[in-house]
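Visitor: I'm new to protein models and would like to learn how to read one. Could you walk me through a few features?

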Amino acid sequence: MFKKIFKRLILYGFKIQAATTAKKVLIHSYKKEEVKEILRGYWGKYLKSRLEIPALPTLGGTLMVHLAAMSTAFFQELTSRGQKKEAATQLFYDIAWKIYVKMGELSWWLAERGNRYQHLLRATKLFRKFPFNSPSYGWQEVLSTSTNVSFNCVKCPVAEYFQSKGLSEFCAATWCALDYPLAEMWDARLERTGSIAGGAEKCDFKWVPNQIKTNDGSL
């Protein structure tokens, strides 16, 4: 019972946050009344689709798939109104990034101790503890060094959900693509050869902390 209540509270919080952010982004492309209609329309689509979403082994995984369903509903709402797929994808990306920033800032703040490598290691571990935690997500450890933090994702319920809706390309261009600016926000860069949504067997993550220059200009 507690998990159900907690899930509802978090999803409601995301609804409010998404609506607030979406209004600021969509107002540049739509009239004020149209924005309200889009928000009502996408939420109605989500409410219908959520009945199909099974409970995953972890609360984090379940929440992420519900957010994927919200993302799908939003994309469908925009395209049903004549918006081209590329433009709808970009609008969603702009909205999602503003929300993702807050999630990333929280993890970065909670992990703030140690040197840059340790800071990055803790921040990525926090994300993998919640909401991207096992066994809903499948993680494969890769040997990390003092110059990078590496691991693979071999199971992603979000990618699976988007694939079931024929929206893997949308997932790769939004959810997956957001990892790159997140790395920059964490003063690092992400090196990746492929993603599950993009057709690869795994999402490989290699987070490389930016080097710090000393006062004399050396690294």
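Guide: Let's go through a pocket, some backbone angles and one helix residue. Keep in mind that this is a predicted model.

Visitor: Let's start with the pocket. What volume does the largest pocket have?

Guide: The largest pocket comes to about 340 Å³. Of the 15 residues lining this pocket, those closest to its centre are Met103, Leu106, Ser107, Phe130 and Pro131.

Visitor: Which elements give two or more residues to that lining?

Guide: They are α1 (2-26), α3 (59-80), α4 (85-110) and α5 (116-129). The largest share comes from α4, with six residues.

Visitor: And how do the lining residues divide into nonpolar, polar and charged?

Guide: Twelve are nonpolar, two are polar and one is charged.

Visitor: Okay, on to the backbone. What should I expect there in general?

Guide: Most peptide bonds are trans, and most residues other than glycine have a negative phi. With that in mind, we can look for exceptions.

Visitor: Which residues does a cis peptide bond with omega of about 10° join?

Guide: That bond joins Phe130 and Pro131. You've met both names already, among the residues closest to the centre of the largest pocket. Pro131 sits in the loop between α5 and β1 (138-141).

Visitor: What about the peptide bond from Ser134 to Pro135, is it cis or trans?

Guide: It's cis, and its omega is near 5°. Pro135 also has its place in the loop between α5 and β1.

Visitor: Now phi. Which residue other than glycine has a positive value near 60°?

Guide: Look at Asp187, where phi is near 60°. You'll find Asp187 in the loop between α8 (179-185) and β3 (188-191).

Visitor: Why does Asp187 count as partly exposed?

Guide: The idea is to compare relative accessibility with two cut-offs: under 20% is buried, over 50% is exposed, and partly exposed lies in between. Asp187 has 27%, so it counts as partly exposed.

Visitor: Let me try one in a helix. Is Ala73 buried or exposed?

Guide: Ala73, which belongs to helix α3, counts as buried because its relative accessibility is 3%.

Visitor: Which residues does Ala73 touch, not counting those up to four places away in sequence?

Guide: Ala73 touches Tyr42, Lys45 and Tyr46. For a distance, try Ala73 and Ala183, which are 110 residues apart along the chain: their C-alpha atoms are separated by 27 Å.

Key. Residues are numbered from 1 along each chain as its sequence is written. This is a predicted model: local features need pLDDT of at least 70, side-chain atom pairs count only at pLDDT 80 or more; totals for chains, interfaces and linings use all residues. Side-chain values use heavy atoms; hydrogens and water are left out. On a 1 Å grid over the protein atoms alone, a cavity is a set of points where a 1.4 Å probe fits but cannot get out, and a pocket is an open set with protein on both sides within 12 Å along at least five of seven lines; lining residues have an atom within 4 Å of a point. Grid points are joined across faces, edges and corners, and a volume is the space filled by probe spheres set on the points. Helices (H or I, at least four residues) and strands (E, at least two) are DSSP runs, numbered from the N terminus. Ala, Val, Leu, Ile, Met, Phe, Trp, Tyr, Cys and Pro count as nonpolar, Asp, Glu, Lys and Arg as charged, and the others, Gly among them, as polar. Buried means under 20% relative accessible area, exposed over 50%, partly exposed in between (1.4 Å probe, protein chains only). Contact means heavy atoms within 4.5 Å.
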